[in-house]
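Biologist: Could you take me closely through the surroundings of the ligand, and then add whatever else in the backbone deserves a careful look?

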Amino acid sequence: MKIPISKPNLDEEEKNAVQAVLDSGFLAQGKRVAKFEEDFGRYIGAKQAIATSNGTTALFIALKAIGISQNDKVVTTPFTFVASASSIMQCGAIPIFCDIDPQTFNIDPDALERILKKDGSSIKAILIVHLYGLPCPMDEIMSLANQYSIPVIEDCAQAHGAEYRGKKVGSFGKASAFSFYPTKNMTTGEGGMILTNDEELGKKCRMLINHGSKKRYYHEFLGYNFRMTDIAAAIGSVQLKKLDDSNQRRRANANFYNHELSSIPKIETPVVPDYALPVFHQYTIKLKQHRDDLASFFDQKEIGYGIYYPVPLHQQKFIHQIVGNGNYPMADSCSREVLSIPVHPLLKKEELEHVVDLIKYFCQEGFN
Ligand SMILES: *Cc1c(COP(=O)(O)O)cnc(C)c1O
């Protein structure tokens, strides 16, 4: 039996919730979206919540709403999913990459400081990513951002419920964006959410995702249709109730792996700084050598794994054409060394043990 790298945690309750929407005959955006927005905003600790069609549109609209436009510069990490940078480029803006800390995989505050010292007055926003469910060092990032008066947008697509010093990520920046894709810590099928404490910004986002209108058929500016459906929201409200338990299981699975794998010299297990309560969207190990051999071995043994991400964003063709050559050695080396193994909440004890046994076997046998 194949062990998948991710699996959505769904049962009868989601089925019943979807059935109720179908029975109601109201399928598009309605009261269930409003309820999901309220519940999710309260859970994270943000005053305004705007549900969207996916995480990419949530990022794009958050950037648009704070005024990012043609040729603006927005700092982000090169070691993330493409949407963190493509959403910047969809605004006509230019991503300025900031290298990462290879221990945490998140943006390195010292590298950020160097960029801001050199170019701070021309940077319009900082888009940070809490990668793999590990919060960024928010004290350092917010103090730099405040010093230069630059708004921070948080990409929380992998970090639903993660906490930095007891406060949930998604509540620090000017706005934040979540994704509810089926591989994430909670899902609505496709779906996303923008959170903000700024009422005006929230109103702007709500209009932007709905054809630039407050009142039906009266359009104040160019907008989009990026609305969530009530079907998706009904799933989301059920998933939100399970989120804390799912995240707890992910942490327990990660603890098991740490315990079993951290003494293997050829493998680096993930580091959790003391400011962080992570939610292990991914459990990512590093191998200085033989990463791809372990991946092939997992293919043979039908163990799901992921390489997030094999090509850092400055090397992606359409982005490289815009930003040219840059020097991001930590993102480059991590992209060669990382391998994520199954950590999702539905894994059984035997499956975790099986993964561990195979890794131990590989480290003894596979390195010759
Ligand atoms: C998944 C993801 C997104 C995009 O979300 P979609 O819902 O797939 O559009 C953006 N950023 C990061 C870091 C992600 O992991």
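Modeller: What follows begins with the ligand and its shell and then turns to a sheet and two details of the backbone. Please keep in mind throughout that this is a predicted model.

The ligand sits in the largest pocket, and the elements that contribute two or more residues to the shell around the ligand are helix H3, spanning 55-65, and helix H4, spanning 83-90. In total 14 residues surround the ligand, and the closest of them are Gly55, Thr56, Asp155, Ser179 and Lys184. Sorted by class, this shell consists of 8 polar, 4 nonpolar and 2 charged residues.

Three contacts from side chains can be described in atomic terms. Thr56 places a polar side-chain atom 2.5 Å from an oxygen atom of the ligand, while an N or O atom in the side chain of Asp155 is 2.8 Å from a nitrogen atom of the ligand. Gln158 also takes part, with a polar side-chain atom that lies 2.8 Å from an oxygen atom of the ligand. As for burial, the ligand on its own has 380 Å² of accessible area, and the protein covers 93% of that area.

Turning to the sheet, three strands form an open arrangement in the order E7-E6-E12, and their pairing is antiparallel. Strand E7 (167-168) and strand E12 (276-277) each have a single partner strand and stand at the edges, so one side of each is left without a neighbour in the sheet. Strand E6, made up of residues 163-164, is joined to E7 by 2 bridges, and the two strands run antiparallel; within this pairing, Glu163 has Lys168 in E7 as its bridge partner.

Two points of backbone geometry remain, and both fall in loops. The peptide bond leading from Tyr308 to Tyr309 is cis, with omega near 10°, and Tyr309 belongs to the loop between helix H9 (291-300) and helix H10 (317-323). Ser149, although not a glycine, has a positive phi of about 50°, and Ser149 is located in the loop that lies between helix H6 (138-147) and strand E5 (152-155).

Note on methods. Residues are numbered from 1 along each chain as its sequence is written. This is a predicted model: local features need pLDDT of at least 70, side-chain atom pairs count only at pLDDT 80 or more; totals for chains, interfaces and linings use all residues. Side-chain values use heavy atoms; hydrogens and water are left out. A residue is near a molecule or strand if one of its heavy atoms lies within 4 Å of it. A polar contact is a pair of N or O atoms within 3.5 Å; within protein, one must be able to donate a hydrogen and the other to accept it, and residues adjacent in sequence count only if both atoms are side-chain atoms. Accessible areas come from the Shrake-Rupley method with a 1.4 Å probe; for residues, only the protein chains shown count as cover. On a 1 Å grid over the protein atoms alone, a cavity is a set of points where a 1.4 Å probe fits but cannot get out, and a pocket is an open set with protein on both sides within 12 Å along at least five of seven lines; lining residues have an atom within 4 Å of a point. A molecule sits in a cavity or pocket if more than half of its atoms lie within 2 Å of its grid points. Helices (H or I, at least four residues) and strands (E, at least two) are DSSP runs, numbered from the N terminus. Ala, Val, Leu, Ile, Met, Phe, Trp, Tyr, Cys and Pro count as nonpolar, Asp, Glu, Lys and Arg as charged, and the others, Gly among them, as polar. Two strands pair if DSSP finds at least two bridges between them.
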